[in-house]
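Subject: Structure handover

Hello,

Here is the structure I promised to pass on. My notes follow below it.

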Amino acid sequence: MARVDTVEMLAKKDDLILALNSGSSSLKFGVYYRGADDEEALLTGSAEGVGHSNGKLHIRSSDGSTLVARECIHESQSDALATLAAAVRDHIHTAPVAVGHRVVHGGPELRTHQLITPQVLDQLRSAKHFAPLHIPQALALIASAQSIFPSAAHFACFDDAFHRSIPEVASHLPLPQRYFDAGIRRYGFHGLSYESLVHHFGAQLSQRAIFAHLGNGASLCAVRNGVSVDTTMGLTPTGGIPMGTRSGDLDPGVFLYLLRNEKFSADALEDLLNHQSGLFALSCGESDVKALEERLRANDPRAVLALNVFGVSVRKAIGAYAALLGGVDLLVFTGGIGEHSASIRSLAADGLEFLGITADKIQIVPAREEKQIARHCRKMMTESR
């Protein structure tokens, strides 16, 4: 049977789930049906370069073959969703029964995956100040999806939910108690990616594991018996190790200097820390690791510095979590950089043999966030019946 016929056949199913994974400049998606043992992808794809002039649209069938590949400029995530929805309808003539949304941050009151209700949306709006770069975008995308798929149940899958288990010694920042009570604490992110790794290993997951999700956004997580006990990101996804354009953790004195001497506004400081720092700053204008590796081979000193700072920061976090866990049985790299950059993995793991981290304890596993969203949606739909 031809692949397009297979798509048409599977599209007649009445249990399709659309998973949406919104990034800073991309919108990844997957359409899933219930397989014998797990969620199975019918279509997957992404709109890349959202908000830029070099946008692209990709849609693939379940066997990985390309169904759509074209340049497509999108001004916003909502524009990208409209294009994706139209393209998907060309291949699937059955509307999804559920839409799952990756929501980066829900503030202190929204820490579990759940059905999106008017009350949940109100709570999200009231939590905007916890993640001003992420929550407004999530609200806009949810509104667009509800308009495009009005008959579907919509679910919020929170990227910090996996880290609800971290103990107070990790979540409580060294500030007066009133700030913790107001929700200023370590939340941690990339939780859907880390949950997918726990699912991937299942009963074979080692007792003491360190997961490293390395992409344009990057973090590490210490996992004991499948449960998060610490993670590098903090109140927001800006914290932790340096990233593509984000600073990661900085001496608070840096902020005071910028406020006093440079007269930075809050918006200017936010832009600096999220869009002009990290690898982009260290290399003088490049955040893409592949491009930096090319410059490294040409002996560009700025590329050498940027990649070394990033790799060594990952290594330091691994060492800290090895101490926290009392040893390491498994080190997993995931995310675009973690999966595809051998040089970064080498920098990160170099010299860690004294901790018992040898090649046989290191694995590379692709992130499966969209599939994990579909799993959560299916579970919540089943439980509500």
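Contact here means heavy atoms within 4.5 Å. Please keep in mind that this is a predicted model.

**The sheet of 8 strands**

This sheet is open, with mixed pairing. Its strand order is β5-β4-β3-β2-β1-β6-β8-β7. The edges are β5 (66-71) and β7 (114-115). Each has a single partner strand, so one side of each is left without a neighbour in the sheet.

At the β7 end, the partner is β8 (residues 153-158), joined to β7 by 2 bridges. The two strands run antiparallel. L115 sits opposite F155 of β8.

Two helices deserve a look here. Helix α2 (residues 77-89) packs on the sheet. It touches β1 (17-22), β2 (26-34), β3 (39-48), β4 (56-61) and β5. The direction of α2 makes about 40° with that of β2. Helix α15 (residues 369-384) lies across β1, β2, β3, β6 (98-103), β7 and β8. It runs at about 135° to β1.

Within the sheet, β2 and β3 form a hairpin, with 4 residues between the strands. They pair in the antiparallel sense over 9 bridges. Y32 has A41 of β3 as its bridge partner. Next along, β3 and β4 also run antiparallel, joined by 6 bridges. There G45 faces I59 of β4.

**The α7–α15 packing**

α15 has a helix partner too. Helix α7 (residues 191-201) packs with α15 at an angle of about 80°. Their axes are 8 Å apart. That angle makes α7 roughly perpendicular to α15, because 65 to 115 degrees counts as such. From α7, the contact uses L192, S193, E195, S196 and H199. From α15, it uses E369, Q372, I373, R375 and H376. By class, the contact has 2 nonpolar, 5 polar and 3 charged residues.

**The cavity**

How many cavities of 30 Å³ or more does a search of the whole structure find? The search finds 1. The largest cavity holds about 40 Å³ of space. Its lining is L20, S22, H101, R102, V103, A138, L141 and I142. β1, β6 and α4 (135-148) are the elements that give two or more residues to this lining. The classes are 5 nonpolar, 2 polar and 1 charged.

**The sheet of 5 strands**

This second sheet is open as well, and its pairing is mixed. The order is β11-β10-β9-β12-β13. β11 (227-231) and β13 (362-364) are the edge strands, each pairing on one side only. From one strand to the next, the twist averages 25°.

Strand β10 (residues 218-224) pairs with β11 over 4 bridges, in the antiparallel sense. V223 stands opposite S228 of β11. Helix α12 (residues 301-325) packs on this sheet. It touches β9 (208-214), β10, β11 and β12 (330-334). The direction of α12 makes about 15° with that of β10.

**The second largest pocket**

The volume of this pocket is about 980 Å³. Its lining has 31 residues. Which of them lie nearest the centre? They are L235, T236, T238, F255 and L273.

α8 (252-261) and α9 (266-275) each supply at least two residues of the lining. α9 gives the most, with 5 residues. By class, the lining of the second largest pocket divides into 17 nonpolar, 11 polar and 3 charged residues.

**Where to start**

I would open the view on α15. This helix lies across strands of the 8-strand sheet, β1 among them. It also packs with α7. From there, go to the largest cavity, where β1 and β6 both give residues to the lining. Both strands are also among those that α15 lies across. Then turn to the 5-strand sheet with α12 packed on it. Finish at the second largest pocket, taking α9 as your guide, since that helix gives the most to the lining.

Best wishes

Key. Residues are numbered from 1 along each chain as its sequence is written. This is a predicted model: local features need pLDDT of at least 70, side-chain atom pairs count only at pLDDT 80 or more; totals for chains, interfaces and linings use all residues. Side-chain values use heavy atoms; hydrogens and water are left out. Two strands pair if DSSP finds at least two bridges between them. Axes are lines fitted to C-alpha atoms, for helices over the stretch in contact, and angles run from 0 to 180 degrees between N-to-C directions. On a 1 Å grid over the protein atoms alone, a cavity is a set of points where a 1.4 Å probe fits but cannot get out, and a pocket is an open set with protein on both sides within 12 Å along at least five of seven lines; lining residues have an atom within 4 Å of a point. Grid points are joined across faces, edges and corners, and a volume is the space filled by probe spheres set on the points. Ala, Val, Leu, Ile, Met, Phe, Trp, Tyr, Cys and Pro count as nonpolar, Asp, Glu, Lys and Arg as charged, and the others, Gly among them, as polar. Angles under 35 degrees count as roughly parallel, over 145 as roughly antiparallel, 65 to 115 as roughly perpendicular and the rest as oblique.
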